[in-house]
Amino acid sequence: MWTRRGLYLFVRNFYSLKCVQCLKSAQSKRVCMISLPFFGYFTSKNETKSLLSANLIHDKLRNGDFEDVINLLESSEGHLFSDCEFNCLLSYAYWKWAVTSEDESDFFVPTKSADTELSLLSFSAKIDKSFFYALRAYECNSGSADANKMMGLTLTATSEGFISRRRNLSSIIAYLEAAVELDPSDWESHHYLGAHYLETIRFEGPIMMAVDRFFFGVPYRTYDDALEHLLRAEELSPACSCYNLAKIAAVYYKKSKYELAKHYIEKAVNFKCRNRRDEREKEEAAKVLIEWARYTNYFKTVQIR
């Protein structure tokens, strides 16, 4: 015998996600027609609106409409999400908007005033805002995977110069390791953790390694440690990042596994770009391939389509 609560849960779980995943298709319109009357009976209009708005925000993030996401979140005043999630989403939107922008040449231009139009914010201003919201999210819930991830990513972006980057590297890694432990299914956390593990072995000479450990407190990681997370990112989200593919290729090249290095660098130089950042990373991958081909004939057979 269906109770009112049981019927509500059944309808909500079965129909609600289908209702908001693909609003433009004819099928989803039919689903909406079925589900929304139940929402009207069992839930308030505000709850239904919140569900649709929350899914709209996540859809826009996936589609790269970061400015729209920021406008939606700031106009919602945080009512759609918990304080931590709200700040994480704003931090991620500003960070992603910055790193996928056309130009990063103004990285350390001073942040503009608060009344500056959103579309006119410089790269550094977007990163500053991202770090501000990441810090707020972490203060709300230091046990949040997203909060730890955003602290690691924004701390990386705000570390100006070589010395600052080396000093902050241990903290960045600690945040990203926490993010991976709390949410092992997030490919971005695995990707950036693997990339930062490679940073720890940037200098292989004993003197520079000693300087890194003694003066900057950089933790020691191996190529295998980095490769584990880079491959995990690729497994969770295939062709997720040109940079990830290039880093995997670089590790295999260091390990003299040229067949695997060739496989991944070929995927990197033929990566389907989605934004300016992808284009920059693809150009860098092509330069790496040219350099390898100079010293190893093996890479001259790589096909660039």
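1. In which helix do Asp-59 and Arg-62 both lie, and how many residues apart are they? Both belong to helix α3, which spans residues 45–63, and they are three residues apart, about one turn of the helix. In this predicted model, Asp-59 forms a salt bridge with Arg-62, with the closest N and O atoms 2.1 Å apart. The two partners differ in exposure: Asp-59 is buried, at a relative accessible area of 19%, against a limit of under 20% for that class, whereas Arg-62 is exposed, at 62%.

2. Another pair within one helix is found in α14 (residues 276–295), where Lys-287 and Glu-284 are three residues apart, again about one turn of the helix. Lys-287 forms a salt bridge with Glu-284, and here the closest N and O atoms are 3.5 Å apart. Lys-287 counts as exposed at 52% relative accessibility, the class being set at over 50%, while Glu-284, with a relative accessible area of 46%, is partly exposed.

3. The salt bridge between the side chains of Glu-188 and Lys-149, at 3.1 Å from N to O, connects two helices. Glu-188 lies in helix α9 (residues 187–200) and Lys-149 in helix α7 (residues 145–158), so the pair ties together parts of the chain that are 39 residues apart in sequence. Glu-188 counts as buried at 4% relative accessibility, and Lys-149 likewise counts as buried, at 6%.

4. The pair in the preceding point also belongs to a network of salt bridges, in which Glu-188 and Lys-149 are linked with Lys-96 and Asp-186. For the whole structure, the search finds 16 salt bridges, and the pairs Asp-59 with Arg-62, Lys-287 with Glu-284 and Glu-188 with Lys-149 are the ones discussed individually in this note.

5. Turning to helix packing, helix α12 (residues 242–254) packs with α14 at an angle of about 20°, and the axes of the two helices are 9 Å apart. Because angles under 35 degrees count as roughly parallel, α12 and α14 are described as roughly parallel to each other. The crossing of α12 and α14 is left-handed.

6. On the α12 side, the contact is made by Cys-242, Tyr-243, Ala-246, Ala-249, Ala-250 and Tyr-253, and on the α14 side by Glu-281, Lys-282, Ala-285 and Trp-292. Classified by residue type, the contact of α12 with α14 has eight nonpolar and two charged residues, with no polar ones.

Definitions and conventions: Residues are numbered from 1 along each chain as its sequence is written. This is a predicted model: local features need pLDDT of at least 70, side-chain atom pairs count only at pLDDT 80 or more; totals for chains, interfaces and linings use all residues. Side-chain values use heavy atoms; hydrogens and water are left out. A salt bridge is a side-chain nitrogen of Lys or Arg within 4 Å of a carboxyl oxygen of Asp or Glu. Helices (H or I, at least four residues) and strands (E, at least two) are DSSP runs, numbered from the N terminus. Buried means under 20% relative accessible area, exposed over 50%, partly exposed in between (1.4 Å probe, protein chains only). Axes are lines fitted to C-alpha atoms, for helices over the stretch in contact, and angles run from 0 to 180 degrees between N-to-C directions. Angles under 35 degrees count as roughly parallel, over 145 as roughly antiparallel, 65 to 115 as roughly perpendicular and the rest as oblique. A crossing is left-handed if the near helix is turned anticlockwise from the far one by less than a right angle, and right-handed if clockwise. Contact means heavy atoms within 4.5 Å. Ala, Val, Leu, Ile, Met, Phe, Trp, Tyr, Cys and Pro count as nonpolar, Asp, Glu, Lys and Arg as charged, and the others, Gly among them, as polar.
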